[in-house]
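Me: I am new to this structure and would like to go through it step by step, with the reasoning spelled out. Could we begin with a single residue and widen the view from there?

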Amino acid sequence: MNMIYQTKRLELRIITDEEAPQVLQFYLDNQEIFERYEVDRMHNFYTEKFQRTVLQCEYNLAVKQKLFRFWVYEKGNIDRIIGTVSIYDIKRGYYQSCELGYKFDQRFWGKGYAKESVLKCLQIAFEELELHRVEAYVVRENEASRKLLKSMGFGLEGVKRQSVKLHGVWQDHELYALLAEEIIHSDSGTSNQTLLC
C-alpha cells in the first residue's frame, strides 16, 4: 500500500497533520455544500487544531490498514486540495468489504475528477486490499452522487430508512454496491462493467 497514487490528471495522497491548513481551507471553501449532506459539525471543526487531530488519527488508521483517506490534487499543484476520497469501515474475514466516501471542491465539478479519483480508489480496494465488495450510501437528494456511482457500475440495493440524523431530521440513505467480479480491466470485459485501467 502506497501513500501516493497518480492517475492521468491527479495525485491522491495520504497526508500528515502538517497539511492541516490546506484541509481546513478545503472545508471552509465548501462549507455550505458539504454541510448539506453531512452530520452537524462539532463546534471546533473549522479550526486548524481540530483538523490536525483528525489527520493524525487518520494517518495512524492508514498505517494499520483500517481506513484510507486520500486527498486529491491536480498533478503539479500540491498547494490546493481539490477533493478527498476514502475507503473506510474495512471488514476482513467473511466480509472483505468497505465503504466508500468522497467529496470535491465545487469549483472543480464537471471535470471528471471525482470519477477518476474513485476509480483509482476502487482499484486499490479490489486489487491491493483484495476486498470483495465496496458500498456507498447516498442521501436521496444528492442526484450528482447517485449519477456518479451508477456511471461506475454501482447497483442500487435498497434504502436504509432513517439511517442518519442530519440537521435534526432522520434521513433515508440509498445503498449502492459494487463487487470485485464486476470490475474489468482495459484489455477485456464488457461495456456494462466498471472499467479500471
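Me: Is E143 buried, partly exposed or exposed?
Reply: In this predicted model, the relative accessibility of E143 is 39%. Buried would require a value under 20% and exposed a value over 50%, so at 39% E143 counts as partly exposed.

Me: With which residue does the side chain of E143 meet in a salt bridge?
Reply: The partner belongs to helix α5, as E143 itself does, and the two are three residues apart, about one turn of the helix. Their side chains come to 2.7 Å or more, namely 2.9 Å from N to O. At 17% relative accessibility this partner counts as buried, and the residue is R146.

Me: Which residues are joined into one network by salt bridges that share partners?
Reply: The pair E143 and R146, set in helix α5, belongs to this network. E174 and R140 also form a salt bridge, with the closest N and O atoms 3.8 Å apart. Salt bridges with shared partners thus bring together R140, E143, R146 and E174.

Me: How many residues apart in sequence are the parts that E174 and R140 tie together?
Reply: E174 is buried, with a relative accessible area of 6%, whereas R140 is partly exposed at 38%. E174 lies in strand β8 and R140 in the loop between β6 and α5, so their salt bridge ties together parts whose separation in sequence is 34 residues.

Me: Which residue forms a salt bridge with R9?
Reply: The structure holds 14 salt bridges, and in this one the N to O distance is 2.7 Å. R9 lies in the loop between β1 and β2 and its partner in helix α4, so the pair ties together parts that are 107 residues apart in sequence. R9 counts as partly exposed at 32% relative accessibility, while the partner, at 15%, counts as buried; that partner is E116.

Me: What angle does the direction of helix α4 make with that of β4?
Reply: Helix α4, residues 113–128, packs on the sheet and touches several strands, among them β1, β2, β3 and β4. Its direction, taken against that of β4, makes an angle of about 25 degrees.

Me: Which strands stand at the edges of the sheet?
Reply: The sheet is open, has eight strands with mixed pairing, and follows the order β1-β2-β3-β4-β5-β6-β8-β7. Each edge strand has a single partner strand, so one side of it is left without a neighbour in the sheet. The strands in that position are β1 (4–6) and β7 (155–166).

Me: Which residue in β2 is the bridge partner of I4?
Reply: Strands of a sheet pair through backbone hydrogen bonds, either parallel or antiparallel. Here β1 and β2 run antiparallel and are joined by three bridges, with β2 covering residues 10–13. In β2, the partner of I4 is R13.

Me: Which residue in strand β4 has a positive phi although it is not a glycine?
Reply: A positive phi occurs at Q96, about 45 degrees, but Q96 is found in the loop between β4 and β5. The residue sought has a phi near 50 degrees and is partly exposed, with a relative accessible area of 37%. It is found in strand β4, and its name is D89.

Technical notes
Residues are numbered from 1 along each chain as its sequence is written. This is a predicted model: local features need pLDDT of at least 70, side-chain atom pairs count only at pLDDT 80 or more; totals for chains, interfaces and linings use all residues. Side-chain values use heavy atoms; hydrogens and water are left out. Two strands pair if DSSP finds at least two bridges between them. Helices (H or I, at least four residues) and strands (E, at least two) are DSSP runs, numbered from the N terminus. Contact means heavy atoms within 4.5 Å. Axes are lines fitted to C-alpha atoms, for helices over the stretch in contact, and angles run from 0 to 180 degrees between N-to-C directions. Buried means under 20% relative accessible area, exposed over 50%, partly exposed in between (1.4 Å probe, protein chains only). A salt bridge is a side-chain nitrogen of Lys or Arg within 4 Å of a carboxyl oxygen of Asp or Glu.
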